Amino acid sequence: MRIGVAGVGRIGTMHAGNLASLDAVDEVVLFDPVPGRAAAVAAQTGAKATAVDDLDALLQAGDGVLIATPTPTHPETIRRALSAGKPALCEKPIASDYAEMSALVDDIEASGVEVLVGFQRRFDPAVAELHRRIRADEVGKLYLVRSTGNDAEPPDFGYLPASGGIFRDLLIHDLDAVPWLVGEPVVEVYASGSVLVDQAFADADDVDNAVVMLKFAGGAHAVLVGGRHDPLGYDHRIEVLGSKDSLAVGVDSRTPLTSLEPDGPKAGPDAYPGFPERFHRAYLNEMAVFVDVVAGRTQNPSPARDSLTSLRLALACDESRRSGVPVKIEQEVVV
C-alpha cells in the first residue's frame with residue numbers, strides 16, 4: 001500500500017513518520033508546495049518515504065491521501081482526491097465556514113469516496129473504549145459529561161486573528177468528541193468566556209478561557225472547559241457519570257494536576273508538554289485506522305458530515321458568548 005501525504009509541516013511530518021512505522025504501508029509519498037521541503041522530510045522519515053513535485057503526482061502514486069495543507073486549500077484538495085477516487089484523511093477543519101463545508105460534505109457523500117476528518121480524539125484508544133462502553137450500556141443512563149482542555153502555553157499571538165476563536169480552534173475537538181460519545185443531538189448551548197491570560201486575545205476579538213454547557217435531547221448535560229495556559233502542562237480529560245458507572249480518560253501519571261489529599265496524585269516533572277505527546281497513541285491509531293479504511297477493512301469512524309455538527313455547535317457557542325443567553329439548536333433533516 002502507498003499512502004500520500006499532502007503538506008509536510010509539523011503535523012504532516014508527524015503523520016508521515018507514523019504511516020512509515022506501519023507494516024501495512026509499503027511507501028509514503030510526500031508533497032509540499034514549499035520547494036525542497038518534501039524531499040527533506042522524506043530523507044528524515046526513512047527508506048519508505050519518497051517525494052514528488054506536485055499534487056497530481058501524489059494522487060496518482062497513492063492508494064489514499066492524507067491532507068495536512070493549510071486550511072484554505074482543504075476543499076479543493078479534497079475535491080481533487082474525490083475526482084481521483086482516492087480515500088482521504090483531512091486535518092480539521094475541512095472548510096473554513098459552514099456554507100462551504102456543507103456543500104463540500106454533499107460532494108463527498110455524492111462521490112462515494114471515503115473522507116475521514118482528523119479529529120484525533122475519536123482514535124484515542126481510551127476515548128474509543130469509553131465510546132464502546134457507553135454504546136454497550138455499561139455506563140447506564142448518562143447523567144453528566146465533563147471535558148477539560150487546557151493548552152500548556154498560549155498559541156503564537158500572530159495566529160489568533162486567523163484561528164477562528166477558542167470555540168472553533170481549541171474546543172472544536174470537545175464539541176466533536178462529546179456529542180459523539182453521548183450519541184444524542186444537542187438541543188441547547190450556553191457559552192461564556194473571559195480574557196485572563198493576555199490582552200492579545202481581546203485584541204483578536206477572542207477569549208482565552210471559556211466554559212460551555214451542552215444540553216442533550218435525552219436530558220443529560222455536558223460541561224466543557226478550555227483555557228490557553230496551564231502552568232503545569234497540557235491537560236485533556238473527559239469524565240462520564242452514568243447510572244451504572246463513572247469513568248474517566250486522560251487521568252494518568254502525566255496529568256498536570258496536583259491533589260491536596262495525602263494519597264492523591266501529584267503533577268510530576270514529565271507532565272504532557274503539548275497535544276502531540278498527550279495524543280501520541282491517538283495519532284498512531286488514526287493512521288492505522290485510515291489505512292484500514294483505504295483497504296476496505298473497517299468503516300469510517302469520523303465522517304465528514306459530523307464536522308458540520310461540531311462547527312454548528314462552535315458557531316452557537318460564539319453566538320451565546322456574545323449575547324449572554326443560551327442558543328437553541330434546531331435539528332436539521334438530512335434528505
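Before anything else, a note to myself: contact here means heavy atoms within 4.5 Å. I need that for the helix I looked up first, α12 (residues 280-294), which lies across β1 (2-6), β4 (64-67), β5 (88-90) and β6. I also checked its direction, and α12 runs at about 145 degrees to β4. I keep in mind that this is a predicted model.

**Entry: the whole protein**

I went through the elements and found 13 helices and 13 strands in the protein. Then I looked at the extent: along the principal axes, the C-alpha atoms fill a box of roughly 55 × 50 × 45 Å. Is the radius of gyration in agreement or at odds with a compact globule of 335 residues? It agrees, because such a globule would have a radius of gyration near 20 Å and the protein has 20 Å.

**Entry: the parallel sheet**

Back to the strands under α12. I traced an open sheet of six strands, in the order β3-β2-β1-β4-β5-β6, with parallel pairing. Its edge strands are β3 (49-51) and β6 (115-117), each pairing on one side only. From one strand to the next, the twist averages 20 degrees.

I zoomed in on the β3 end. Strand β2 (residues 27-31) runs parallel to β3, and three bridges join them. Which residue of β3 is the bridge partner of Val29? I found Thr50 there.

**Entry: the mixed sheet**

Next I turned to the other strands. Seven of them form an open sheet, ordered β12-β11-β7-β10-β9-β8-β13, and here the pairing is mixed. I noted β12 (246-249) and β13 (327-328) as the edge strands, since each of them pairs on one side only.

I took the pairs one by one:

- β7 (residues 142-150) and β10 (residues 221-227) pair in the parallel sense over seven bridges. Gly149 has Gly226 of β10 as its bridge partner.
- β8 (residues 186-194) and β9 (residues 209-216) pair in the antiparallel sense, over eight bridges. For Ser194, the bridge partner in β9 is Asn209.
- β8 and β13 also run antiparallel, joined by two bridges. Here I saw Glu188 standing opposite Lys328 of β13.

This sheet has a helix across it as well. I followed α6 (residues 125-135) and saw that it lies across β7, β11 (235-242) and β12. Against β12, the helix α6 runs at about 155 degrees.

**Entry: two backbone oddities**

A reminder before I list them: most residues other than glycine have a negative phi, and most peptide bonds are trans. I came across a cis peptide bond between Lys92 and Pro93, with omega about -10 degrees. Pro93 sits in the loop between β5 and α5 (98-111).

The other one is Asp137, which has a positive phi of about 65 degrees although it is not a glycine. I located Asp137 in the loop between α6 and β7.

**Entry: the second largest pocket**

I finished with a pocket, the second largest, and wrote down a volume of about 430 Å³. It is lined by 21 residues, and those closest to its centre are Pro185, Arg305, Asp306, Thr309 and Gln331. Which helix gives the largest share of this lining? I found that α13 does, with seven residues. Both α9 (172-182) and α13 (304-323) supply at least two residues of the lining.

As for chemistry, I sorted the lining of this pocket into ten nonpolar, four polar and seven charged residues.

Definitions and conventions:
Residues are numbered from 1 along each chain as its sequence is written. This is a predicted model: local features need pLDDT of at least 70, side-chain atom pairs count only at pLDDT 80 or more; totals for chains, interfaces and linings use all residues. Side-chain values use heavy atoms; hydrogens and water are left out. Two strands pair if DSSP finds at least two bridges between them. Helices (H or I, at least four residues) and strands (E, at least two) are DSSP runs, numbered from the N terminus. Axes are lines fitted to C-alpha atoms, for helices over the stretch in contact, and angles run from 0 to 180 degrees between N-to-C directions. On a 1 Å grid over the protein atoms alone, a cavity is a set of points where a 1.4 Å probe fits but cannot get out, and a pocket is an open set with protein on both sides within 12 Å along at least five of seven lines; lining residues have an atom within 4 Å of a point. Grid points are joined across faces, edges and corners, and a volume is the space filled by probe spheres set on the points. Ala, Val, Leu, Ile, Met, Phe, Trp, Tyr, Cys and Pro count as nonpolar, Asp, Glu, Lys and Arg as charged, and the others, Gly among them, as polar. The radius of gyration is taken over C-alpha atoms; the globule rule is 2.2 Å times the number of residues to the power 0.38.
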